[in-house]
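Colleague: Morning! Could you walk me through this one? Start with whatever term I'll need.

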Amino acid sequence: MQRELSALREQLTESQRLATIGTIAAIIAHEFNNLLTPIVSYSQYALTSATGDKPDMPLIQKALSKAYQSSTKAGKICASMLALARGESSFGVVSIQQLVDETLSVLARDPQKDGIALRIQVQPDLHAIGDAVQLEQVLLNLLINARHALMGHGRNGAITIRATPGDGEDAEIRIQVMDNGPGIPEKLLSRIFEPFFTTKATAKKGEAKGTGLGLAICRDIITHHQGRIAVESAVGKGTTFTIYLPASK
């Protein structure tokens, strides 16, 4: 019986290890999907120009530079997510303005090209304690979700990124990603951060269905930073995600 118990413990340990590997693989696949789009787009720009009658060298250089930046970011995300799974992270002082700027640079397409206004309202000299790569992943997920919510709704969509000091006594930074999209039904809000739960399961033809990992990743990363993330939404009015992070003293 002792041998059987030992064998069961080994099987349980192996199952847990495989489950962890599967979770990491799914997370990395989700994040890479976000990064491969700009890599492919910028590479296509460079190839199209290079094979044309009059190659635009400044455009080619810019496109290759952007593709290289996204590829480098993908490598950093691999290391970052693996470190997160091990409970490790490279924490330091993070400039919120730089964090927002670098996150926007990863987006494959300017939201304004799709009729979506982008408003940046970041108070100067805001600094948080955290891992810049992981926090960029959070902002990127929230921005992609906001853009998805606004696409195809035939209205003047707008995304606002706002960063201010927190209102409480604790030294906090508050970062908000707001959209004026269709909103999320109240009955779904309590499940929005559950792994593999998605409101994109019924995406239109030609659109990618959601994996249900994005917001779960956001919550795990923010919790790892000893912060918190909240959501407010009203059908027909829009959705606001609010992140609270420890401020740098």
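Modeller: Sure: buried means under 20% relative accessible area, exposed over 50%, and partly exposed in between, with a 1.4 Å probe and protein chains only. This is a predicted model, where local features need pLDDT of at least 70, side-chain atom pairs count only at pLDDT 80 or more, and totals for chains, interfaces and linings use all residues. Residues are numbered from 1 along each chain as its sequence is written, and side-chain values use heavy atoms, with hydrogens and water left out.

Colleague: Nice. How many aromatic pairs does the structure hold?

Modeller: Two. Rings of Phe, Tyr and Trp (its six-membered ring) pair if their centres lie within 6.5 Å; planes under 30 degrees apart count as stacked, over 60 as edge-to-face and the rest as tilted. Y42 and Y45 are edge-to-face, because their ring centres are 5.9 Å apart and their planes at 70 degrees.

Colleague: And is Y42 buried or exposed?

Modeller: Y42 counts as buried, at 14% relative accessibility, while Y45 is partly exposed at 41%. The rings of F193 and F241 also pair edge-to-face, with centres 6.3 Å apart and planes at 80 degrees.

Colleague: How buried are F193 and F241?

Modeller: F193 has a relative accessible area of 13%, so it is buried, and F241 is buried with 7%.

Colleague: Switching topic, what lies over the face of Y244?

Modeller: R228 does, at 4.1 Å from the ring centre. For that call, NZ of Lys or CZ of Arg must be within 6 Å of the ring centre and within 35 degrees of the ring normal.
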